[in-house]
Amino acid sequence: MSILKGRVALVSGASQGIGRACALELARAGASVALAARNLDKLGEVAAEIAAAGGTAQAFALDVSSEESIKSCAKAVLEQFGKVEILVNNAGITRDMLALRMKRKDWDDVLTTNLTGAFLMTQAVMSSMVKGRWGRIINITSVVGQMGQAGQANYAASKAGLIGLTKSLARELASRTITVNAVAPGFIETAMTSVLTDEQKAANAQYIPLGRVGTDVEVAHAVAFLASEEAGYITGHTLDVNGGMHMG
Ligand code: NAD
């Protein structure tokens with residue numbers, strides 16, 4: 001069933017991992033998808049994959065750490081598709097270090113990309129949703145933003161900030177039938193977690209009641225649900241996709 005037929009979605013960081021999986025899932029549900037990230041070659045491959053499956057997608061250059069890039073990306077997407085109704089703020093980075101030794105730049109880079117980037121992306125496409133009186137904004141936060149994590153003060157602060165941003169925007173935009181939710185993945189097998197050693201992965205898996213790490217597709221299913229018409233009465237919520245690792 002094409003539950004998102006006619007809808008236009010924009011996914012940041014769509015070149016790989018969770019963002020790519022979200023783009024594929026939204027396209028499979030019938031949405032036209034604007035794929036945005038820094039690497040246009042990789043985005044082109046995702047667009048080709050979507051086209052081969054009968055969907056519609058186009059690649060757009062985006063660096064969420066640059067306000068100028070965000071504005072020009074949003075402009076290009078709106079020119080191409082006429083509207084943005086579903087925004088998935090997925091782009092994110094880590095720069096891990098114990099707080100005592102964390103460089104100011106690593107703090108700033110993570111906050112700028114993960115939190116300020118999501119805010120500015122939302123601001124850039126919000127009027128399109130308001131005009132259409134329908135929208136879905138989905139912020140990819142993290143279990144780390146809920147629980148904290150040694151060595152990730154910058155990342156945890158950015159992801160906890162996203163939850164506050166989600167709730168505030170949910171209140172501001174509800175009267176326009178725009179819902180704003182967050183998805184909080186736990187430990188998902190992607191490039192971001194591939195830097196962990198096997199020992200670290202096994203130690204983390206120990207705290208997951210379902211006994212395994214998650215997949216990017218499992219996160220994408222939660223995102224597609226929140227983007228659907230059926231999720232219309234859910235707003236300001238953080239949906240955990242963590243195998244029971246944290247029960248909020
Ligand atoms: P990933 O590193 O594979 O993907 C991150 C994506 O963000 C990439 O496409 C990358 O190009 C993009 N990106 C990074 N900086 C960018 C910038 N300045 N401008 C545009 N795009 C940029 O990692 P992932 O695991 O797929 O992560 C996706 C999201 O999920 C992130 O926000 C991450 O924090 C979150 N998350 C991941 C996990 C996990 O276990 N993998 C857990 C919780 C939350």
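This short talk describes the largest pocket of the structure and the ligand in it.

Good morning. Please keep in mind throughout that the model before us is predicted.

I begin with the pocket. The volume of the largest pocket is about 1,400 Å³. Its lining consists of 49 residues, and those nearest the centre are Ile93, Thr94, Tyr155, Met192 and Thr193. Five helices each give two or more residues to this lining: H1 (17–28), H4 (104–132), H5 (143–147), H6 (153–173) and H7 (198–205). Sorted by class, the lining holds 21 nonpolar residues, 21 polar residues and seven charged residues.

I turn now to the ligand. Where does the ligand sit? The ligand is placed in the largest pocket that I have just described. Around the ligand are 28 residues, and the closest of them are Gln16, Asn90, Tyr155, Ile188 and Thr190. Tyr155 is thus named twice, once among the residues nearest the pocket centre and once among those closest to the ligand. Helices H1 and H6 each provide at least two residues of the shell around the ligand. By class, that shell has twelve nonpolar, 13 polar and three charged residues.

Next, let us consider individual atoms. Which residue places a polar side-chain atom 2.7 Å from an oxygen atom of the ligand? That residue is Gln16. In the case of Ile188, a polar backbone atom is 2.8 Å from an oxygen atom of the ligand. Val64 has a backbone N or O atom that lies 2.9 Å from a nitrogen atom of the ligand. On its own, the ligand has 810 Å² of accessible area, and the protein covers 94% of that area.

Thank you for your attention.

Technical notes: Residues are numbered from 1 along each chain as its sequence is written. This is a predicted model: local features need pLDDT of at least 70, side-chain atom pairs count only at pLDDT 80 or more; totals for chains, interfaces and linings use all residues. Side-chain values use heavy atoms; hydrogens and water are left out. On a 1 Å grid over the protein atoms alone, a cavity is a set of points where a 1.4 Å probe fits but cannot get out, and a pocket is an open set with protein on both sides within 12 Å along at least five of seven lines; lining residues have an atom within 4 Å of a point. Grid points are joined across faces, edges and corners, and a volume is the space filled by probe spheres set on the points. Helices (H or I, at least four residues) and strands (E, at least two) are DSSP runs, numbered from the N terminus. Ala, Val, Leu, Ile, Met, Phe, Trp, Tyr, Cys and Pro count as nonpolar, Asp, Glu, Lys and Arg as charged, and the others, Gly among them, as polar. A residue is near a molecule or strand if one of its heavy atoms lies within 4 Å of it. A polar contact is a pair of N or O atoms within 3.5 Å; within protein, one must be able to donate a hydrogen and the other to accept it, and residues adjacent in sequence count only if both atoms are side-chain atoms. Accessible areas come from the Shrake-Rupley method with a 1.4 Å probe; for residues, only the protein chains shown count as cover. A molecule sits in a cavity or pocket if more than half of its atoms lie within 2 Å of its grid points.
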